[in-house]
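Reader: Please take one part of this model and go through it closely. I am in my first year, so give the cut-offs for the terms as they come up.

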Amino acid sequence: MRMPTQRHQFAASSRVLHWTMAAMILTMLCIGVAMVASLANYHVLVSIHRPLGIAILILVVVRFVNRQLHPLPPFPATMSRAERLAATASEYTMYGLMFVLPLVGWGMLSAARYPIVLYGSIHLPYILPHNVMLYAVLRKAHTILAYLFFLTIIAHFGAILFHTLIVRDGIIKRMAPWNIRAQETATIDSSTAGSPARGSPESTP
Ligand code: HEM
Ligand code: HEM
C-alpha cells in the first residue's frame, strides 16, 4: 500500500529536479537579459550562460525519463476540467522550452561559427552548418522563446499562488522539497478523495 506522502506528493526525485531546475532557469533568464543589457559584464555572463544552459538540456532529459518512471499524483478535485487541461498544456510547453531553448542557443552559435566554450579548453561541437541567415533566425527565435518561457512561468506561478492562497487546497505541498506529514495532507486528502490517477482516461471530471 502506498503511504499518503507518496500518494499526494510528487516523487522525491521529481521535487529535487523541479526546484533545482527552477533556480537554474530563472538564473538563466536573468543572466540572458543582463547580458544583452550590460556590455560591461558580457563576457563573464555569457561564460556562465553557456554551460548552465547545456546543464539544463541534460537535466530535462533526466527529468522527462524520471516523469515516465514515477506516476504523477492525481490532480486535486478542486481543479476544474479546464484547469487540468491548462495545467497539462503548460507542463508540456515548459518541457518543450527546457529542451528547445538550449538547443536553439547551441544551434545559433554553431551557425555563426562562434567558439562554444563550456569550460577552459572544453568546446562543444557545431551542430549546424555555417550560415549567417540561419544564425539571424535562431538568434531571434532564442529571444522569442525565452520571453514565451518567462510568460509561461508567470502563468504557472500565478496558478499555484491562486490555488494555495485563494482556493486553499494545499497544492504547493505536493511539490514541497520536504516530505509532508500525515496531518498536513488533510486538505489534499479531502480534496482528492476518490480522484482517479492523473493521466488515466477518467482523470478529468
Ligand atoms: C522556472 C520555473 C519553473 C518551471 C520550469 C516549473 C515547471 C514545472 C513542471 C514541468 C511541473 C510539472 C511536474 C513535473 O513534471 O516536474 C511543475 C509542477 C509544479 N510547480 Fe513548477 N515550475 C517552475 C517554478 C515554480 C515555482 C516558482 C513554484 C512555486 C510557486 C512552482 C510550484 C509548482 C507546484 C506546486 C507544482 C505541482 C503542481 C501539481 O500539483 O500538479 N513551480 N512545475
Ligand atoms: C534554458 C536555457 C536558456 C535560457 C532560459 C536562455 C535565455 C536567454 C535570454 C533571456 C537571452 C537574452 C535574449 C534577448 O534579450 O535578446 C539569451 C541570450 C543568449 N543566449 Fe541563451 N538561454 C538559454 C540557453 C542558451 C544556451 C545553451 C546557449 C549557448 C550554448 C545560449 C546562448 C546565448 C547567447 C550567446 C545569447 C546572447 C546573444 C547576444 O549577445 O546577442 N543560451 N538567452
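Author: What follows is a close look at helix H3 and the residues it is linked to.

This is a predicted model, in which local features need pLDDT of at least 70 and side-chain atom pairs count only at pLDDT 80 or more, while totals for chains, interfaces and linings use all residues. Residues are numbered from 1 along each chain as its sequence is written, chains are lettered from A and ligands numbered from 1 in the order in which they are written, and side-chain values use heavy atoms, with hydrogens and water left out.

Start with the metal. His49 (NE2) and His142 (NE2) are the protein donors of the iron atom of ligand 2, and they lie 2.0 Å from it. Helix H3 (residues 42-69) holds His49, helix H5 (residues 132-167) holds His142, and the two are 93 residues apart. Donors are N, O and S atoms within 2.8 Å of the metal (3.2 Å for Na, K and Ca); water is not among the atoms, so sites may look incomplete. Helices are DSSP runs (H or I, at least four residues), numbered from the N terminus. The site has six donor atoms with angles of 87 to 180 degrees and is octahedral; for six donors, that term requires opposite donors over 155 degrees apart and all others between 65 and 115. His49 and His142 are both buried, which means under 20% relative accessible area (1.4 Å probe, protein chains only).

Next comes the charged end of the story. Which residue forms a salt bridge with Arg67? The partner is Glu91, with the closest N and O atoms 3.0 Å apart. A salt bridge is a side-chain nitrogen of Lys or Arg within 4 Å of a carboxyl oxygen of Asp or Glu, and the structure holds one. Arg67 lies in helix H3 and Glu91 in helix H4, so the pair ties together parts 24 residues apart in sequence. Arg67 is buried at 17% relative accessibility, and Glu91 is buried at 16%.

Arg63 is also in helix H3. Arg63 is buried but has no salt bridge; its nearest side chain of opposite charge is Glu91, 8.3 Å away. For charge, Lys and Arg count as positive and Asp and Glu as negative, with His and the chain ends not counted. Beyond its neighbours within four places in sequence, Arg63 is in contact (heavy atoms within 4.5 Å) with residues including His18 and Tyr95. His18 in turn coordinates the iron atom of ligand 1, together with His156, at 2.0 Å.

Definitions and conventions: Tetrahedral: all angles 85-135°; square planar, octahedral: opposite > 155°, others 65-115°. Buried < 20%, exposed > 50% of the residue type's maximum accessible area, 1.4 Å probe, protein only.
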